[in-house]
Number of protein chains: 2
Amino acid sequence: MTASRPRRPTSADVARAAGVSRATVSFVLNDTPSQTISPATREAVLRAAEELGYMPSPHAAALRSGRSRLVLTLVPHWASSPTVMRYLELTGSHLAEHGLLTATHIERSAPLRDLLTAVHPAAVISLVPLEPDESDLLARAGIAEVHGYIADFPDKTPSVTLNQQHMGRAQAGHLLDRGFDRLVYVSGPRIGHPVRPAGRLEGARAEAAERGSLPVVAFSYTDTASLDAAIATWLGLPGRVGVCAFDDDTALEVLARLREHGTDIPGRVGVVGMDDIRAGEFSEPALTTIRPDLGPQARAVAHATLSALGISVDDESPVGSTTAQVAAVVQRATT
Amino acid sequence: MTASRPRRPTSADVARAAGVSRATVSFVLNDTPSQTISPATREAVLRAAEELGYMPSPHAAALRSGRSRLVLTLVPHWASSPTVMRYLELTGSHLAEHGLLTATHIERSAPLRDLLTAVHPAAVISLVPLEPDESDLLARAGIAEVHGYIADFPDKTPSVTLNQQHMGRAQAGHLLDRGFDRLVYVSGPRIGHPVRPAGRLEGARAEAAERGSLPVVAFSYTDTASLDAAIATWLGLPGRVGVCAFDDDTALEVLARLREHGTDIPGRVGVVGMDDIRAGEFSEPALTTIRPDLGPQARAVAHATLSALGISVDDESPVGSTTAQVAAVVQRATT
DNA sequence: CTGAAAGCGCTTACAG
DNA sequence: CTGAAAGCGCTTACAG
């Protein structure tokens, strides 16, 4: 250990090595549009930067330019599904195409206020609504707040919300297609999880109404006893009962109870879940479900972020009311 | 919109309002240990900061002090389980107690190199090993690299790795307790997922050996046909077969095939999963599983991070070889 | 097309 | 106990 730890190279080092000024280094490395640089100079700067292993300091750049290229996504700790993960990944890819980098913060490990003393993003994407004081904080810090909600929340400000109705429509539509004429929508206890099935239920109802089918009845249970009570009600209904479950976990619980009751599935009752978790493939019977596609949502929220930051996008895809494919039916043995 | 957008207050504004210098503001707000501040001055600064809604600029602070208070965790996109999420949350809480804030980056949305142009953390925690060039990048940028692996990887550098052996031991131990005397370890195809069951298998073997039980046989399957072949082999074994599954999804798939074969569970074959996912509660029969506790791992990785950053911790809990409780048996109907 | 200079908002020796 | 001043590493008008 005789060699002293080498100081990290700065743009001044690159400038010296390339025989140019620091300004020129900055122009080359940032492709500053208002500047034209001779190919020879550009080449020299690039080579020097490469050889020195130069990495610009994000702190200095952000401090001087007054803008950051970081986008921070706030993720509630309960939102840990592969679907959400994929959503974050897709959003990150879209933003990366426009030079924005993404990081996420799992909420509750530290208050937003503290977080902002360590990192200062250009924008914050929230998957669920922020508290008013959190929004204030962002506004005061000059950080754009983008609403990229993954569920239904009452919200007056413009937001990109995953199309819950579309998902409910997909469930109801499939059951109707398969000849189930009495539709019920069932949701269970959502532990530490504020997502409400309102949008999906609405979508299922709209689908049933448009097809002239019987109205969809909503059930929510809190424990096995109340689920059993709900099931008894369904089994009292005439015709073939189609169960839209809020998610696959709920569907699997319903299925377990229906098995217990000895119900004929899918003869008497059909069940369709939501999410396409792996376990659905191995249930008895194997669960039919909907695989949501968060691609359009990711695109929309990336758009919203870019526009909030004043970055123009040539892509013509509209933000908000996307009518794109957002869900695919995965049919197995329960329908 | 007549009022011009107010400039974000700086420490100079606070100093002016409090009638002190900027240095004093910094001393008060950072509780600089080498400085003693009169209560009156302290009070005045705090009040002024509060009234102005002052938030210090992380960029300026980091640039000047040369250190950041941000820790970035790199998460592979396939690691989306509630368990991992909880691990991130716990690690974040521990670090927050020492003034460090955490963010995570879902890998693959952008290369690490690009990410580091937008954010400059003090340390990076990796849940899986980094590429050599990524490690180089961190070293050159002066960013500490902490290995907080969630699985077994060959790794020569010091790292905190989730105790996989302990988990395998818990599975084998439970099956042995329940009277299953022929143990097998089964793992399925891990889609885009480099985690290998080596450590868990080893743990199961060690447990069986210590108890003087028959050696544990390892199976890995790639599709239904090869799983069925494996099952046929097990069913040819004498005695009661105990199946340790790599995770609950695998266990549920095994269970589905065993049902198909009409196997008596848990009479002839017992199955224990790993993870305690919700769906395990609703399988036929309901799945016995192991709930891993990542608390000790989170504590250890937080320790490792603090020590890499030269932050002393009074807490006496040792890093590395934790013998703490890291898994709990959740017994249901398959054992 | 290129360079000298100012300044972003902090922290930290240093002098009082 | 407090303040004046330097400087972290960039970017960006501005002058040439």
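In this predicted model, B:M85 reaches across to the other protein chain. Beyond its neighbours within four places in sequence, B:M85 is in contact with A:V75, A:H77, A:A79, A:S80 and A:I106. The residue sits in helix α5 of chain B, which spans residues 82–96. B:M85 counts as buried because its relative accessibility is 3%, and the cut-off for that class is under 20%. Within its own chain, B:M85 is 10 residues from B:V75 in sequence. The C-alpha atoms of B:M85 and B:V75 are 9.9 Å apart in space.

The contact between the two protein chains draws on 61 residues of chain B and 60 residues of chain A. The size of an interface is often given as the accessible area lost when the parts come together. Here the area buried between chain B and chain A is about 5300 Å². Carbon and sulfur atoms give 63% of that area. Polar links are also present. Across the interface of chain B and chain A there are 11 residue pairs in polar contact, with both residues at pLDDT 80 or more. The interface of chain B and chain A also holds 4 salt bridges. A salt bridge joins the side chains of A:R278 and B:E253, with an N to O distance of 3.2 Å.

On the side of chain B that touches chain A, several elements each supply at least two residues: α4, β1 (70–75), α5, β2 (101–106), α6 (112–118), α7 (132–141) and α11 (248–260). Helix α5(B) gives the most to this side, with 7 residues. By class, the side of chain B that touches chain A has 30 nonpolar, 17 polar and 14 charged residues.

The protein also meets two DNA strands. Around DNA strand C there are 30 residues. Of these, A:Q35, A:T41, A:R64, B:R22 and B:R64 come nearest. Both protein chains take part through helices. α2 (22–30) and α4 (58–65) of chain A, with α2 (22–30) and α4 (58–65) of chain B, each supply at least two residues of the surface near DNA strand C. That surface has 13 nonpolar, 13 polar and 4 charged residues. Of the atoms of DNA strand C within 4 Å of the protein, 56% belong to sugar or phosphate, and the rest belong to bases.

Individual atom pairs show both kinds of approach to DNA strand C. An N or O atom in the side chain of A:T41 is 2.4 Å from a phosphate oxygen of DNA strand C. A polar side-chain atom of A:S38 lies 3.0 Å from a phosphate oxygen of this strand. For B:R64, the partner is a base oxygen of DNA strand C, 2.6 Å from a side-chain N or O atom.

DNA strand D has 29 residues around it. A:R22, A:R67, B:Q35, B:T41 and B:R64 come nearest. Sugar and phosphate account for 56% of the atoms of DNA strand D that come within 4 Å of the protein. α2 and α4 of chain A and α2 and α4 of chain B each provide at least two residues of the surface near DNA strand D. The surface residues near DNA strand D divide into 13 nonpolar, 12 polar and 4 charged. A side-chain N or O atom of B:S38 is 3.1 Å from a phosphate oxygen of DNA strand D. Backbone atoms contribute as well. A backbone N or O atom of A:S11 lies 2.8 Å from a phosphate oxygen of DNA strand D. For A:S57, a backbone N or O atom lies 3.5 Å from a sugar or linking oxygen of this strand.

Helix α1 of chain A covers residues 11–18, and its buried residues are A:D13, A:V14, A:A15 and A:A18. Among the elements that cover the buried residues of α1(A) are α2 and α3 (39–52) of chain A. Just after α1(A), A:G19 takes a positive phi of about 70°.

Most residues other than glycine have a negative phi, and most peptide bonds are trans. Exceptions occur in the loop between β9 (269–272) and β10 (289–292) of chain A, where A:P285 lies. The peptide bond from A:E284 to A:P285 is cis, with omega near -10°. In chain B, a cis peptide bond joins B:E284 and B:P285, with omega about -5°. B:P285 is in the loop between β9 (269–272) and β10 (289–292) of chain B. A:D275 lies in the loop between β9 and β10 of chain A and has a positive phi of about 130°. A:D275 is partly exposed, with a relative accessible area of 25%. A:D276 is placed in the loop between β9 and β10 of chain A, with a positive phi of about 60°. A:D276 counts as partly exposed at 22% relative accessibility.

Note on methods:
Residues numbered from 1 in each chain as written. Chains lettered and ligands numbered in written order. Heavy atoms only, no water. Near = heavy atom within 4 Å. Polar contact = N/O pair within 3.5 Å; in protein donor to acceptor, adjacent residues only side chain to side chain. Helix = DSSP H or I, 4+ residues; strand = E, 2+ residues; numbered from the N terminus. Nonpolar A, V, L, I, M, F, W, Y, C, P; charged D, E, K, R; others polar. Buried < 20%, exposed > 50% of the residue type's maximum accessible area, 1.4 Å probe, protein only. Contact = heavy atoms within 4.5 Å. Buried area = accessible area lost by both parts, 1.4 Å probe.
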